[in-house]
Amino acid sequence: MTEDELLLREAEKIAVAVGRMFPGLCEVVLHDLRDPAHAVRAIEGGLSGRSVGDPATELGLARIQDPDFPDVLQNYPNRLPDGRPAKSTSIGIRNGQGDYVAALCLNLDVSLLTTVAASLAALARTDDQDLPVAETLRARTADDLRAAAEAFATARGHTPRSLPAAAKRELVRELKSGGHLEVKHAVATLTGLLGVSRATVYNHLR
């Protein structure tokens with residue numbers, strides 16, 4: 001058995017195995033580039049409707065004619081005969097003399113994947129809209145309360161304790177609207193931050 005024939009025999013095993021692993025989704029074709037008029041040596045998947053003995057494609061002919069043709073063309077766009085989009089990869093196989101003797105080609109039907117991707121994108125899409133309040137699904141914590149109070153005070157050039165009475169009243173109400181006062185011991189935490197009594201906090205909430 002010649003080297004070229006041995007290469008084709010081994011590549012045929014790969015073509016059949018890979019094609020049978022992805023039935024109906026991926027077509028795998030082994031081209032014998034020594035005989036371009038009857039290049040298809042093996043085919044699994046049958047997405048293109050071709051059969052053993054069919055001629056080489058344009059890409060196969062280009063590879064035969066140009067020894068500098070790339071060894072691998074990866075993930076290029078293609079179309080199946082019925083118009084479905086496909087993603088293709090072509091792998092050239094050289095013998096010991098550096099000549100192309102075969103090409104292993106994979107054609108993946110991406111039409112189903114495109115539909116699934118579009119469906120997932122539609123499912124994940126949200127609508128831009130003005131909500132009356134900002135919603136946070138994560139439960140508030142005492143650390144969140146402190147951070148919110150400090151951010152409020154810093155924006156006004158103060159610490160929480162040094163805020164004027166009117167600003168402290170505004171802060172308490174803002175913390176309540178943001179859900180921060182639902183935290184366990186929130187009022188006690190707030191009295192310490194603001195340096196006021198519990199009665200004052202409750203008064204601000206009225």
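Visitor: Why is N75 called partly exposed?

Guide: In this predicted model, N75 has a relative accessibility of 42%, and since buried means under 20% and exposed means over 50%, with partly exposed in between, that value places N75 in the partly exposed class. The residue belongs to strand β3, which covers residues 72–79.

Visitor: What makes the phi of N75 worth pointing out?

Guide: Most residues other than glycine have a negative phi. The phi of N75, by contrast, is near 55 degrees, a positive value in a residue that is not glycine.

Visitor: Where does H185 lie, and why does H185 count as exposed?

Guide: H185 lies in the loop between α5 (165–177) and α6 (186–194). Its relative accessibility is 57%, and because the cut-off for exposed is over 50%, H185 counts as exposed. The phi of H185 is also positive, near 65 degrees, in a residue other than glycine.

Visitor: How do you know that α6, the helix after that loop, is mostly covered?

Guide: Seven of the nine residues of α6 are buried, where buried means under 20% relative accessible area. These buried residues are A186, V187, T189, L190, T191, L193 and L194.

Visitor: Which elements do the buried residues of α6 pack against, and what follows the helix?

Guide: The buried residues of α6 pack against α4 (142–155), α5 and α7 (198–205). After α6 comes G195, which has a positive phi near 70 degrees.

Visitor: How many helices and strands does the chain have, taken as a whole?

Guide: There are seven helices and five strands in the chain, and when they are read along the sequence they give the pattern α-β-β-α-β-β-β-α-α-α-α-α.

Visitor: How do you know whether the radius of gyration of the chain agrees with that of a compact globule or departs from it?

Guide: For a compact globule of 206 residues the radius of gyration would be near 17 Å, but this chain has 35 Å, so the chain departs from the globule rule, which is 2.2 Å times the number of residues to the power 0.38. Along its principal axes, the C-alpha trace spans about 95 × 35 × 25 Å.

Visitor: What percentage of the residues of the chain count as buried, and how much accessible surface does the chain have?

Guide: Of the 206 residues, 33% count as buried, while the accessible surface of the chain comes to about 12500 Å², with 56% of it belonging to carbon and sulfur atoms.

Conventions:
Residues numbered from 1 in each chain as written. Predicted model: local features only at pLDDT ≥ 70, side-chain atom pairs only at ≥ 80, totals over all residues. Heavy atoms only, no water. Helix = DSSP H or I, 4+ residues; strand = E, 2+ residues; numbered from the N terminus. Buried < 20%, exposed > 50% of the residue type's maximum accessible area, 1.4 Å probe, protein only. Contact = heavy atoms within 4.5 Å. Areas by Shrake-Rupley, 256 points an atom, 1.4 Å probe, with all protein chains shown as cover.
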